[in-house]
Amino acid sequence: QVQLVESGGGLVQAGGSLRLSCAASGRTTFRDDIMGWFRQAPGNEREFIAHLGWSAGSTRIADSVKGRFTISRDNARNTVYLQMHNVKPEDTAVYYCAARSVVAREYAYWGQGTQVTVSS
């Protein structure tokens, strides 16, 4: 059974930093998978934040967070991270990690989400 478990969310002041983690289990090909982060604020559609393939060369960051957020992964731990710096109140959302194979168009696996709240 494939599981993605996010952690690290919480309350942070504007301008602060937070690191989210996503631990993956139950799938032997995570090392090769595309791992992504998304977020959804109340009343908004789900928004793509970042994804990372096996190599750093396949990184993509959304313009809305570029220069503030970075994505990384530790394949030995089957874990992907989202480092958030200089957070803003508009970053408040539930953050989800997701996984898909390199040939898939859609993300097949999703975590349960972790709440990030940025106070002004």
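Colleague: How do the residues of the lining of the largest cavity divide into nonpolar, polar and charged?
Modeller: There are 4 nonpolar, 3 polar and 2 charged residues in that lining. Keep in mind that this is a predicted model.

Colleague: Which residues line the largest cavity?
Modeller: Its lining consists of Ala-24, Phe-30, Met-35, Arg-73, Asp-74, Asn-75, Asn-78, Thr-79 and Val-80. The elements giving two or more residues to this lining are β7 and β8.

Colleague: What makes Arg-73 and Asp-74 charged members of the lining?
Modeller: The residue type decides. Asp and Arg count as charged, and both Arg-73 and Asp-74 are in the lining.

Colleague: How many cavities of 30 Å³ or more does a search of the whole structure find?
Modeller: The search finds 1. The volume of the largest cavity is about 50 Å³.

Colleague: On to a lining residue with a partner. What makes the contact of Asp-74 and Arg-77 a salt bridge?
Modeller: The distance does. The side chains meet at 2.8 Å, N to O. The cut-off is 4 Å, so the pair counts as a salt bridge.

Colleague: Is Asp-74 buried, partly exposed or exposed?
Modeller: Asp-74 is partly exposed, at 21% relative accessible area. Buried would need under 20%. Arg-77 stands at 59%. Exposed means over 50%, so Arg-77 counts as exposed.

Colleague: How many salt bridges does a search of the whole structure find?
Modeller: There are 6. In general, side chains of opposite charge can pair when their charged atoms come close.

Colleague: How do you know that Asp-91 forms a salt bridge with Arg-39?
Modeller: Their closest N and O atoms are 2.9 Å apart. That is within the 4 Å limit, so the pair qualifies. Asp-91 lies in the loop between β8 and β9, while Arg-39 is in strand β4, so the pair ties together parts 52 residues apart in sequence.

Colleague: Where does Arg-68 lie, and what does its pair with Asp-91 tie together?
Modeller: Arg-68 lies in the loop between β6 and β7, so its pair with Asp-91 ties together parts that are 23 residues apart in sequence. Here the N to O distance is 2.7 Å.

Colleague: Why is Asp-91 called buried?
Modeller: The relative accessible area of Asp-91 is 0%. Buried means under 20%, so the word fits. Arg-68, at 9%, counts as buried too. Arg-39 is also buried.

Colleague: Which residues are linked with Asp-91 in a network of salt bridges?
Modeller: Arg-39, Glu-47 and Arg-68 are linked with Asp-91 in that network.

Colleague: Now the rings. Why is the pair of Phe-38 and Phe-48 called edge-to-face?
Modeller: The planes are 75 degrees apart, and the centres 5.7 Å. A pair needs centres within 6.5 Å, and edge-to-face needs over 60 degrees, so both conditions are met. Phe-38 lies in strand β4 and Phe-48 in strand β5, so the pair ties together parts 10 residues apart in sequence. Both rings belong to buried residues.

Colleague: Which residues form one aromatic cluster with Phe-38 and Phe-48?
Modeller: Tyr-107 and Trp-110 complete that cluster. The structure holds 4 aromatic pairs.

Colleague: How do you know that the charged end of Arg-46 sits over the ring of Trp-110?
Modeller: The charged end of Arg-46 is 4.0 Å from the ring centre. The distance limit is 6 Å, and the angle to the ring normal must also be within 35 degrees. Arg-100 lies over the face of Tyr-107, at 5.2 Å from the ring centre.

Technical notes. Residues are numbered from 1 along each chain as its sequence is written. This is a predicted model: local features need pLDDT of at least 70, side-chain atom pairs count only at pLDDT 80 or more; totals for chains, interfaces and linings use all residues. Side-chain values use heavy atoms; hydrogens and water are left out. Rings of Phe, Tyr and Trp (its six-membered ring) pair if their centres lie within 6.5 Å; planes under 30 degrees apart count as stacked, over 60 as edge-to-face and the rest as tilted. Helices (H or I, at least four residues) and strands (E, at least two) are DSSP runs, numbered from the N terminus. Buried means under 20% relative accessible area, exposed over 50%, partly exposed in between (1.4 Å probe, protein chains only). On a 1 Å grid over the protein atoms alone, a cavity is a set of points where a 1.4 Å probe fits but cannot get out, and a pocket is an open set with protein on both sides within 12 Å along at least five of seven lines; lining residues have an atom within 4 Å of a point. Grid points are joined across faces, edges and corners, and a volume is the space filled by probe spheres set on the points.
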